[in-house]
Amino acid sequence: FDKSLSHEQIISMLNDPSHSQIKALNYILSSEKSIIISISKNLEIWDSFINVFAILGEFDQIDDAVLIMHSVSFLFPYASEENQENISNSLIIYFQDLLETPNFMIPTLLLINTFSRTSAYARDTIICYGIHSFIFNKLSTVETSFSNKEEIQLACHTIMEIYFNPAEIEDEIIFESVDALFSLINPDNEIIIKTAFDCLTNLTDRKSCVADILF
């Protein structure tokens with residue numbers, strides 16, 4: 001492969017995801033913006049990403065699976081709104097299982113970050129599948145859920161991205177989130193405390209009645 005991958009080459013490597021093929025995805029990450037936009041708007045490429053995503057756990061080399069996840073995260077913001085909705089519907093169903101796999105925790109959190117920040121539809125789908133609650137539960141048992149500080153920081157940043165997307169959140173979700181955020185006020189972890197208070201402040205700004213709940 002040369003450094004300017006064609007759409008057909010990308011589809012071919014995703015449909016035959018051997019190590020020698022998949023590593024060429026690195027070229028996408030250094031491509032010109034016009035090429036990235038063109039790739040991200042191609043429905044067949046996204047269909048191939050969706051198909052290979054379903055078998056990430058079967059890869060012999062974890063780095064190959066992680067590269068695919070990073071490629072999805074990199075391309076998603078450039079995809080059309082229609083493609084973003086299709087991608088969200090197809091991939092978010094895998095996120096919770098991937099979060100439970102130590103090797104995939106960081107790239108999955110990065111995906112959730114990107115999806116939540118980029119698309120209100122994706123953010124709402126993440127909430128619908130309870131991914132935010134799953135992360136809350138991991139943060140509330142931080143001593144056993146994470147292996148290092150980087151994972152904790154990224155999990156906190158992910159929660160922030162979910163709640164700070166400016167699109168409306170259903171009132172019911174907001175009210176359910178108050179107790180979950182309040183439970184994170186752990187005097188032993190400054191990062192988690194700051195995340196909880198920042199999100200509670202954001203929710204209070206959105207719905208003044210949250211202040212009454214907190215009171």
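Q: What makes a residue a contact, and which residues does V52 touch?
A: A contact means heavy atoms within 4.5 Å. Leaving out residues up to four places away in sequence, V52 touches L14, P17, F59 and I68. Keep in mind that this is a predicted model: local features need pLDDT of at least 70, side-chain atom pairs count only at pLDDT 80 or more, and totals for chains, interfaces and linings use all residues. Residues are numbered from 1 along each chain as its sequence is written, and side-chain values use heavy atoms, with hydrogens and water left out.

Q: Why is V52 called buried?
A: Buried means under 20% relative accessible area (over 50% is exposed, in between is partly exposed; 1.4 Å probe, protein chains only). V52 has 1%, so it gets the label "buried". It lies in helix α5, residues 43-53.

Q: How far apart are the C-alpha atoms of V52 and C209?
A: They are 45 Å apart, with their positions 157 residues apart along the chain.

Q: What makes α6 a helix, and how do you know its span is close to the expected one?
A: A helix is a DSSP run of H or I with at least four residues, a strand is a run of E with at least two, and both are numbered from the N terminus. α6 covers residues 62-75, which is 14 residues. The expected span is 1.5 Å times one less than the number of residues. That gives 20 Å for α6, and its first and last C-alpha atoms are indeed 20 Å apart.

Q: What makes α6 "mostly covered"?
A: Ten of its 14 residues are buried. Among them are V66, L67, I68, V72 and L75, plus D64 and S71. One of these, I68, is also on V52's contact list.

Q: Why are L200 and T195 called buried?
A: Set them against the same cut-off: L200 has a relative accessible area of 4%, so it counts as buried. T195 has 5%, so it does too. L200 sits in helix α15, residues 190-206, and T195 is found in α15 as well.

Q: Which residues are in contact with L200 and T195, neighbours within four places aside?
A: For L200, they are V178, L181, F182 and L214. L200 and L214 are 14 residues apart in sequence, with 8.9 Å from C-alpha to C-alpha. For T195, they are C156, I159 and M160.

Q: How do you know that H132 is buried, and what is around it?
A: Its relative accessible area is 7%, so H132 is buried by the cut-off. H132 lies in helix α11, residues 131-140. With neighbours within four places left aside, its contacts are I126, I127, I159, I162, Y163 and I173. I159 is on T195's list too.

Q: Why does the radius of gyration of the chain agree with a compact globule?
A: The radius is taken over C-alpha atoms, and the globule rule is 2.2 Å times the number of residues to the power 0.38. For 215 residues that comes out near 17 Å, and the chain has 18 Å, so the two agree. The C-alpha box, along the principal axes, is roughly 60 × 35 × 25 Å.

Q: What makes up the rest of the chain-wide picture: helices or strands, and what share is buried?
A: The chain has 16 helices and zero strands. Buried residues make up 48% of the 215. Of the contacts with a separation of 6 or more, 70% link residues 24 or more positions apart.
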